[in-house]
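Reader: Pick one part of this model and take me through it closely, residue by residue where you can. Then tie it back to the rest of the chain, please.

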Amino acid sequence: MSEATRWILTLLVIVSSAVAAAQDEEMAGVDPADEVIYLDPTDESRDPWSALRDTEGDAEREPGLIQIGRLGRPGVRSLFGLPVALTPDDLRAAEVDVAMFGAPIDMGFGWRGAGEGPSALRGQLRGGSASVLPHMHVGVSWRRELVAVDYGNAPIDILSVERSMPPVRRMVREIAETGAIPVIIGGDHSLEYPNVAGLADVYGKGNVGVIHFDAHFDAGDVRGGHLISHAQPVRRLVDDGHVLGKNFIQVGLRGYWPGEEGFEWMRENDMRYHTMAEIERDGWDVVMDRILNEALDGPEYLYISFDIDVLDPAYTPGTGTPVAAGLTPREVFPLLRTLCSENNLVGFDLVELNPLLDPGYTTVMNSGYIIQECMTGIAMRKQGITERGYLNPLTAEDDEPDPE
Ligand SMILES: [Mn+2]
């Protein structure tokens, strides 16, 4: 650098510092709160439930399942080709066991994509997504055993994660109050908060345990003034007393977040966690048994929050914050099936599916199977099959003698 250039650069730095200092002085009298544009509290449409459509022209019908099939195939796309229900009366009339709904929240992450999750799952054509045949491992068909429906999408506010929490919580509560199990398709992981809070509204604060499958611990502290995002639901649930720390079980953490402070916070709150480091040391079978035993050693009700990034990005590339060296479907599927058959499951979510980042349909396909593992577990429990590690003798072995 020449001497002249150096002088010019120095001069520039001095001038720009002076300008910045003058601006700071000018701003000193402005209250930062005055710079924020707040919501208009007089706008009636801010309550999404107030904007429900006019139903006057609807065909009259008795409450119950709305079949959308035509010639044995769905005429209109729904989750797993299931019939549709629209109201709690429908759920009660049809004695629905499981009501799935979409919650297309993007803003908890701040990047477009996770909000497309419900549509992608509704659009899936392959992967046994609408088969009524039994799950080969256990010989149980969730489609035959359970009354399950697509309950549509929650009326979230696509511009605000904060304001999307109440409508989701209300929808979870509405389903749980009928005795059905809500299965929430995200959407980003901010959803864990309204999902579990909505269940705590019905079953009581502290009465629901949570298994949190994730590469991340999602208990981030306040940042930029935000109390909720896809990185904070766990901290909010514990701080607000919806779930006791000792009933929170984390599975699959790895990478570089959280740092030591995060682990210390989990210890202070008596949380249980199973990192990939523990799995690396002790092996999956041992850790899986620990998780299953801890789930049984909790409150009466269990919730599962499944962030698909707990799986290795080889299986779920279509997600916003992938972390290398995760779990495989062959490790996770038997755990999910067993958790859902051994416990009194009251809710399940699948979050962070981003089909816009899914190059080969891999993530959508695996997401569909993940949900079905849990559905199979719920169906096994309904049939009275709760023996750990149960497999169907017809499929798990042939009847020829093994060569010794
Ligand atoms: Mn997460």
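Author: Let's start with a pair of helices: α11 and α12 cross in the right-handed sense. Keep in mind that this is a predicted model. Helix α11 covers residues 329-342, and its axis sits 6 Å from that of α12, at an angle of about 30 degrees. Since angles under 35 degrees count as roughly parallel, α11 and α12 are roughly parallel.

Now for the residues in that contact. On the α11 side you'll find P329, F333, L336, R337, T338, L339, C340 and S341. They meet a set in α12 made up of N366, Y369, I370, E373, C374, T376, G377, I378, M380 and R381. Sorted by class, the contact of α11 with α12 holds 10 nonpolar, 5 polar and 3 charged residues.

Helix α11 has another partner to look at, α10, which spans residues 284-296. Here the axes come within 11 Å and the crossing angle is roughly 20 degrees. That value is under the 35-degree cut-off, so α10 is roughly parallel to α11. The crossing of α10 and α11 is right-handed.

In this contact, α10 supplies W284, M288, I291, L292, A295 and L296. From α11 come E331, L335, T338, L339 and E342. The class split for α10 with α11 is 8 nonpolar, 1 polar and 2 charged. Keep an eye on T338 and L339: both are in the α11 set that meets α12, and both turn up again in the α11 set that meets α10.

From α12 you can step across to the strands. Helix α12, residues 362-382, lies across β3, β5, β9 and β10. Against β10 (345-351) in particular, α12 runs at about 175 degrees. With anything over 145 degrees counted as roughly antiparallel, α12 is therefore roughly antiparallel to β10.

Those strands belong to an open sheet of 8 strands with parallel pairing, in the order β4-β3-β5-β10-β9-β6-β7-β8. The edges are β4 (148-153) and β8 (272-275); each has a single partner strand, so one side of each has no neighbour in the sheet. From one strand to the next, the twist averages 15 degrees.

At the β4 edge, β3 (residues 98-103) runs parallel to β4 and is joined to it by 4 bridges. One place to find that pairing is V98, whose bridge partner in β4 is A148.

Further along the order is β6, residues 208-213, where 6 of 6 residues are buried. That goes for both faces: V208, V210 and H212 are buried on one side, and G209, I211 and F213 on the other. Strand β6 pairs with β9 in the parallel sense over 6 bridges, and you can pick up the register from G209, which stands opposite L302 in β9. With β7 (residues 248-253), β6 again pairs in the parallel sense, this time over 4 bridges. There, V210 stands opposite F248.

For the link back to α10, look at the loop between α10 and β9, where G298 sits. This glycine has 21 other C-beta atoms within 10 Å, and 20 or more is what buried requires, so G298 counts as buried. Leaving aside residues up to four places away in sequence, G298 touches G209 and N247. And G209 is one of the buried residues of β6. If you want a long-range distance, the C-alpha atoms of G298 and G179 are 21 Å apart, with their positions 119 residues apart along the chain.

For contrast, go out to the β8 edge and find Y273. With 17 C-beta neighbours inside 10 Å, Y273 falls short of the 20 needed for buried, so it counts as partly exposed. Y273 touches Q250, L253 and M266, again leaving out residues up to four places away in sequence. Its C-alpha atom is 9.1 Å from that of F217, which is 56 residues away along the chain.

Zooming out, the chain has 13 helices and 10 strands. Of its 404 residues, 43% count as buried. Among contacts between residues at least 6 apart in sequence, 77% join residues at least 24 apart. Along the principal axes, the C-alpha atoms fill a box of roughly 90 × 70 × 40 Å.

Definitions and conventions:
Residues are numbered from 1 along each chain as its sequence is written. This is a predicted model: local features need pLDDT of at least 70, side-chain atom pairs count only at pLDDT 80 or more; totals for chains, interfaces and linings use all residues. Two strands pair if DSSP finds at least two bridges between them. Helices (H or I, at least four residues) and strands (E, at least two) are DSSP runs, numbered from the N terminus. Axes are lines fitted to C-alpha atoms, for helices over the stretch in contact, and angles run from 0 to 180 degrees between N-to-C directions. Two residues are in contact if their C-beta atoms, placed from the backbone, lie within 7 Å. A residue is buried if 20 or more other C-beta atoms lie within 10 Å of its own, exposed if 12 or fewer, and partly exposed in between; C-beta atoms are placed from the backbone. Angles under 35 degrees count as roughly parallel, over 145 as roughly antiparallel, 65 to 115 as roughly perpendicular and the rest as oblique. A crossing is left-handed if the near helix is turned anticlockwise from the far one by less than a right angle, and right-handed if clockwise. Ala, Val, Leu, Ile, Met, Phe, Trp, Tyr, Cys and Pro count as nonpolar, Asp, Glu, Lys and Arg as charged, and the others, Gly among them, as polar.
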